[in-house]
Amino acid sequence: MIYHVYVLKSLRNGKRYVGFTSDLPRRLAEHKRGISRFTSQNAPWVLIDKEQYDDAKEAKKREQFLKSGQGWKFLDVILWTILTFQKIIHLLTITQFVS
């Protein structure tokens, strides 16, 4: 069985949610439908990271790390990288139209 650790970011207020599941599509649909109290109060969400594991213990360990202080710092780097690349792509797109 494959296990997933995933990170959602709220488009409403920037909060993050770290989760663990063996059925990622189902779990994301549950978040979208508002089944989870935390995610329903902070929707809409975007998936910013997902990782796959063959071992449930390893996936749970990773989830716990991402929920820790060091894990939040790691996620800050991921978010910064994503936003930086989005800005670069946007600038390249604008430059193509100006040239």
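Three strands form an open sheet in the order 2-1-3, and their pairing is antiparallel. The model described here is predicted. The edges of the sheet are strand 2 (16–21) and strand 3 (45–53), each of which pairs on one side only. On average, and with direction ignored, neighbouring strands of this sheet are turned by 20° against each other. Helix 1 (residues 24–33) packs on the sheet and touches strand 1, strand 2 and strand 3. The direction of helix 1 makes about 25° with that of strand 1.

The pairings can be followed outward from strand 1. With strand 3, strand 1 (residues 3–10) runs antiparallel and is joined by eight bridges. Within strand 3, Leu-47 is the residue that stands opposite Leu-8. With strand 2, strand 1 also runs antiparallel, here through six bridges, and Lys-9 stands opposite Arg-16 in strand 2. The hairpin of strand 1 and strand 2 has five residues between the strands, and in this hairpin Gly-14 takes a positive phi near 80°. Although strand 2 is an edge strand, five of its six residues are buried, so strand 2 is largely enclosed by the rest of the structure.

The nonpolar interior comes next. In a regular strand, side chains alternate between the two faces of the sheet. The largest nonpolar core has 11 residues in all: Tyr-3, Val-5, Val-7, Val-18, Ile-48, Tyr-53, Ala-59, Leu-66, Leu-75, Ile-78 and Leu-79. At least two residues of this core are supplied by each of strand 1, strand 3, helix 3 (56–66) and helix 4 (69–98). Another core, of five residues, lies apart from the largest one and includes Tyr-6, Leu-8, Leu-24 and Trp-45. Leu-8 thus appears in two descriptions, as a member of this second core and as the residue opposite Leu-47 in the pairing with strand 3.

Tyr-3, a member of the largest core, illustrates the contacts made there. Leaving aside residues up to four places away in sequence, Tyr-3 touches Phe-20, Thr-21 and Ser-22, together with Glu-51, Gln-52, Tyr-53, Asp-54, Asp-55, Ala-56 and Ala-59. Among these contacts, Tyr-53 and Ala-59 also belong to the largest core.

A final local feature concerns the backbone ahead of strand 3. The peptide bond from Ala-43 to Pro-44 is cis, with omega near 5°. Pro-44 lies in the loop between helix 2 (37–41) and strand 3.

Conventions
Residues numbered from 1 in each chain as written. Predicted model: local features only at pLDDT ≥ 70, side-chain atom pairs only at ≥ 80, totals over all residues. Heavy atoms only, no water. Pairing = 2+ DSSP bridges. Helix = DSSP H or I, 4+ residues; strand = E, 2+ residues; numbered from the N terminus. Axes fitted to C-alpha atoms, helices over the stretch in contact; angles between N-to-C directions. Contact = heavy atoms within 4.5 Å. Core = buried A, V, L, I, M, F, W, Y, C linked by side-chain atoms within 4.5 Å. Buried < 20%, exposed > 50% of the residue type's maximum accessible area, 1.4 Å probe, protein only.
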